[in-house]
Amino acid sequence: MSVEVRIPTMLRSHVAGAATVAVDGSTIREVVEGLVRTYPSLAGQIVTPDGALHKFVNVYLNDDDIRYLDKLETKVGEGDTVSILPAVAGGA
Amino acid sequence: MLYASVLDLIGDTPMLDISQLSPNPRARIIIKLEGQNPGGSVKDRAAKAMIEDAEKDGSLVPGQVILESSSGNTGIGLAMIAKVKGHPFKVVLPDNVSIERRQSLEVWGAEIISSDAAGGSNGAMRKAQQMAAEHPDWWFPYQYGNLSNPKAHYEGTGPEIWRDCPEVTHFVAGLGTSGTLMGVGRFLKERNGAVQIWAVEPPVGEMVDGLKNFDEGFVPPIFTESDGYELLDRKKVVGPRESIEWTRRLIEVGVFAGISSGAAVAGAVKCAQEIDSGVIVTIAADGGWKYLSTGAWTGPIDEVVARARKIIYF
């Protein structure tokens, strides 16, 4: 199953400048692993070496933050969009 | 009603049933109108609590300079209170806020220190942290890390919602410092553990450039210290287009609110679509006045959305 992954500006140099990349996988973890297989320099950046989502990364399945779904085990399907964004201080 | 101080006018805001906008006839939507606060936004509550708590513990003394970073509303609340209490106030403000936010700060006599638009609120916060470290004689409330911020909502906003709408099943609000969500969320869950807490945020990480890697990211200390990951049940990202669309729809029910209120209502509507039935309470963080220059209500939607992408409206 192929999903569209939106790559944040800071990581685009790892993926030949692409803003979006199509990746196969049935969970978020598989999608990130697939991304790292194709672009090995991304290893450890999104998912840390101990297998957890990086503290300052927000991953969205469509419009939902996966931390409040099933985290990295959240299931994805054909046509879904996965967005990877840095967690930063918002307006206030 | 006669009041002795403008500070007594902060809080106790009205709630309005806007279920007419709900896509689900069994899901009611109620909005709390925080633009009714004297400084014009929900941030008056945190500003008042942070200042009063600092006065009590002696960390803020009469005449002391106050420094804070803000994209507008916290700054405006602090500037108003600083003015009536006689404190000089400096605010680090990102360059990409609406002109009215800047003007409102000027009204209250705030000294504006600009920070780079590309860094957004994140960059303004870093700059203020640096300035505070260089000037230990100034008082730096640090809204992202000051527990008086969520406390204002635990003691104020939360109890008001429970008093006026005890049938609440879902609370949906914007996530900035997380003060509103942490304070109201904890209060409501203590009263009824079944209440669901949903956060709404703009795609803020998309708008902040200049980070080299994820290690430079940020999660507000008040979020982690309030067990935010446990407290929140869902978090939805709502983009500028939906935010503007729902800011416009609010006009149909007589609510002239800011663009982040449109985002919050968009989140409440998503919630209404997903649940079978319930009572969803959301927050209009401010009124529409500070966004007239964006053309949010009247301009061609594509042009308005393009402009909104360039400003901080949360």
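Helix H1(B) passes helix H2(B) in a right-handed crossing. This is a predicted model, and the crossing is a good place to start looking at chain B. H1(B) covers residues 43–57 and H2(B) covers residues 73–85; the two pack at an angle of about 50 degrees, with their axes 8 Å apart. An angle of about 50 degrees makes the pair oblique, because roughly parallel is kept for angles under 35 degrees and roughly perpendicular begins at 65.

If you would like to find this contact on screen, look on the H1(B) side for Lys43(B), Asp44(B), Ala46(B), Ala47(B), Lys48(B) and Ile51(B). On the H2(B) side the partners are Asn73(B), Thr74(B), Gly77(B), Leu78(B) and Ile81(B). By class, the contact has five nonpolar, three polar and three charged residues.

A second helix pair can be viewed in the same way. Helix H10(B), residues 240–251, packs against helix H12(B), residues 301–308, at about 120 degrees, and their axes lie 9 Å apart. H10(B) and H12(B) are therefore oblique to each other, and their crossing is right-handed. Here Pro240(B), Arg241(B) and Ile244(B) of H10(B) meet Ile301(B), Val304(B), Val305(B) and Ala308(B) of H12(B). Six of the residues in this contact are nonpolar, none is polar and one is charged.

The table puts the two pairs next to each other.

| Helix pair | Angle | Axis separation |
|---|---|---|
| H1(B) and H2(B) | about 50 degrees | 8 Å |
| H10(B) and H12(B) | about 120 degrees | 9 Å |

Now to the strands. Chain B has an open sheet of three strands in the order S3-S4-S5, with parallel pairing. Strands S3(B), residues 66–69, and S5(B), residues 111–115, stand at the edges; each has a single partner strand, so one side of each is left without a neighbour in the sheet. On average, neighbouring strands of this sheet are turned by 20 degrees against each other, direction ignored. Strand S4(B), residues 89–94, pairs with S5(B) in the parallel sense over five bridges. To locate that pairing, find Val91(B), which stands opposite Ile112(B) in S5(B). As a reminder, strands of a sheet pair through backbone hydrogen bonds, either parallel or antiparallel.

Stepping back, chain B is divided into domain 1 (6–41 + 156–308) and domain 2 (43–134). Taken over C-alpha atoms, the centres of these two domains of chain B are separated by 22 Å. Where they touch, 26 residues of domain 1 are in contact with 20 residues of domain 2. On the domain 1 side, helix H5(B) (148–164) and helix H7(B) each supply at least two residues. That side divides into twelve nonpolar, eleven polar and three charged residues.

Finally, chain B also meets chain A. The contact takes 36 residues from chain B and 23 residues from chain A. Helix H4(B) (120–134), helix H7(B) (204–207) and strand S8(B) (234–237) each supply at least two residues of the chain B side. Which of these elements gives the most to the side of chain B that touches chain A? It is S8(B), with four residues. By class, the chain B side has 16 nonpolar, eleven polar and nine charged residues. H7(B) is worth a second look, since this helix supplies residues to the side of chain B that touches chain A and also to the side of domain 1 that touches domain 2 of chain B.

Terms used: Residues are numbered from 1 along each chain as its sequence is written. Chains are lettered from A and ligands numbered from 1 in the order in which they are written. This is a predicted model: local features need pLDDT of at least 70, side-chain atom pairs count only at pLDDT 80 or more; totals for chains, interfaces and linings use all residues. Two strands pair if DSSP finds at least two bridges between them. Axes are lines fitted to C-alpha atoms, for helices over the stretch in contact, and angles run from 0 to 180 degrees between N-to-C directions. Two residues are in contact if their C-beta atoms, placed from the backbone, lie within 7 Å. Ala, Val, Leu, Ile, Met, Phe, Trp, Tyr, Cys and Pro count as nonpolar, Asp, Glu, Lys and Arg as charged, and the others, Gly among them, as polar. Angles under 35 degrees count as roughly parallel, over 145 as roughly antiparallel, 65 to 115 as roughly perpendicular and the rest as oblique. A crossing is left-handed if the near helix is turned anticlockwise from the far one by less than a right angle, and right-handed if clockwise. Domain bounds come from an automatic or database domain assignment.
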